[in-house]
Amino acid sequence: MLDPLTLLALPTLPGERVILREPREADVDDRLRHPIDPEEEDGYGSAWRREWDGRRYHTRKHLTAARRPPEPGAYTWAVEYDSHCIGSAGLRVDANQHCATYTVGLFVAALRGQGLGRETTWLVLSWAFGALGLHRIQLEVLAFNSRAINCYLACGFRQEGVRREAELYPEGWKDFILMGLLQAEYASQVKSAHAQG
């Protein structure tokens, strides 16, 4: 039987264009420069539009409210691009099961579609499967979010199932796609990428 994973401190993960780092107070200014974008917020779940107006949480007071210390196994990075925070990425690790759930979101709409989400995802995968030693990483994505799905597929995730009509949005019930990536699949993809140069 495998021992639980040893949880590590949140690392800084430098990429070619983005840096994943610990969140800072200055990130609040970057977040407030950009209005809430329904396309991005919908990816986090339906409650922001259906149950309350998400704009009321888009304030300095809410964003700087006292934060609790992170739970063991909860990793949250600020995604920095061109010296500004443009979003966040996260892993929620189950150390006993050697797996984690991945999330990523970029709140600067103009920067979507430029491969920054893919670079962010690769950085997290490399650290999680390498340094942390995870066996599996999983995620959920709205079925109509083709940009995110294509990003995850390009990073090696596979579709594993669908949670049909899982959440109620103002337009009706929405499906969520379940995706997963195993360490062996990731290693094979990295080996193939190295072989191609």
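Residues that line a pocket are those with an atom within 4 Å of one of the grid points that make up the pocket, a pocket being an open set of points with protein on both sides within 12 Å along at least five of seven lines. The model shown in these views is a predicted one.

**View 1. The second largest pocket and the residues that line it.** The second largest pocket holds about 170 Å³ of space, and its lining is made up of Glu-16, Arg-17, Glu-119, Trp-122, Leu-123, Ser-126 and Tyr-186. When these residues are sorted by character, 3 are nonpolar, 1 is polar and 3 are charged. Helix H5 contributes the most to the lining, giving 4 residues.

**View 2. A salt bridge between Glu-119 and Arg-17.** Both of these residues also belong to the lining of the second largest pocket, and their side chains meet in a salt bridge with an N to O distance of 3.3 Å. Because Glu-119 lies in helix H5 (residues 116-132) while Arg-17 lies in the loop between strand S1 (13-14) and strand S2 (18-21), the pair ties together parts that are 102 residues apart in sequence. The two partners can also be described by their accessibility: Glu-119 is buried, with a relative accessible area of 13%, whereas Arg-17 is partly exposed, with a relative accessible area of 39%. In the whole structure, a search finds 10 salt bridges.

**View 3. Glu-80 and Arg-24 joined by a salt bridge.** The closest N and O atoms of Glu-80 and Arg-24 are 3.6 Å apart. Glu-80 lies in strand S3 (residues 74-81) and Arg-24 in the loop between S2 and helix H1 (27-32), so this salt bridge ties together parts that are 56 residues apart in sequence. Glu-80 has a relative accessibility of 12% and therefore counts as buried, while Arg-24, with a relative accessible area of 48%, is partly exposed.

**View 4. The loop between S2 and H1 at Pro-23.** Pro-23 lies in the loop between S2 and H1, and with a relative accessibility of 45% Pro-23 counts as partly exposed. Although Pro-23 and Thr-76 are 53 residues apart along the chain, their C-alpha atoms are separated by 7.7 Å.

**View 5. A salt bridge between strands S7 and S6, and a network of salt bridges.** The side chains of Glu-160 and Arg-136 meet in a salt bridge, with 2.6 Å from N to O. Glu-160 lies in strand S7 (residues 158-169) and Arg-136 in strand S6 (residues 136-142), so the pair ties together parts that are 24 residues apart in sequence. Glu-160 is partly exposed, its relative accessible area being 45%. Elsewhere, salt bridges that share partners join Arg-21, Arg-24, Asp-27 and Glu-80 into one network.

**View 6. The open sheet and some of its strand pairs.** The sheet is formed by 8 strands, which follow one another in the order S1-S2-S3-S4-S5-S6-S8-S7, with mixed pairing. S1 and S7 stand at the edges and each has a single partner strand, so one side of each is left without a neighbour in the sheet. Strands of a sheet pair through backbone hydrogen bonds, and they do so either parallel or antiparallel. S1 and S2 run antiparallel and are joined by 2 bridges, with Leu-13 standing opposite Leu-20 in S2. S6 and strand S8 (residues 172-182) also pair in the antiparallel sense, over 7 bridges, and here Leu-142 stands opposite Phe-176 in S8. Strand S5 (residues 99-106) and S6, by contrast, run parallel and are joined by 3 bridges, with Cys-99 standing opposite Arg-136 in S6. Between S5 and S6 the chain passes through H5, and this β-α-β crossover is right-handed.

**View 7. Positive phi angles at Asp-82 and Glu-165.** Most residues other than glycine have a negative phi. Asp-82, which is not a glycine, nevertheless has a positive phi of about 55 degrees; Asp-82 lies in the loop between S3 and strand S4 (84-94) and is exposed, with a relative accessible area of 60%. Glu-165, which is not a glycine either, has a positive phi of about 45 degrees. Glu-165 lies in strand S7, and at 52% relative accessibility Glu-165 counts as exposed.

Technical notes. Residues are numbered from 1 along each chain as its sequence is written. This is a predicted model: local features need pLDDT of at least 70, side-chain atom pairs count only at pLDDT 80 or more; totals for chains, interfaces and linings use all residues. Side-chain values use heavy atoms; hydrogens and water are left out. A salt bridge is a side-chain nitrogen of Lys or Arg within 4 Å of a carboxyl oxygen of Asp or Glu. Buried means under 20% relative accessible area, exposed over 50%, partly exposed in between (1.4 Å probe, protein chains only). On a 1 Å grid over the protein atoms alone, a cavity is a set of points where a 1.4 Å probe fits but cannot get out, and a pocket is an open set with protein on both sides within 12 Å along at least five of seven lines; lining residues have an atom within 4 Å of a point. Grid points are joined across faces, edges and corners, and a volume is the space filled by probe spheres set on the points. Ala, Val, Leu, Ile, Met, Phe, Trp, Tyr, Cys and Pro count as nonpolar, Asp, Glu, Lys and Arg as charged, and the others, Gly among them, as polar. Two strands pair if DSSP finds at least two bridges between them. A crossover is right-handed if, with the strands pointing away from the viewer, the path from the first strand over the helix to the second runs clockwise.
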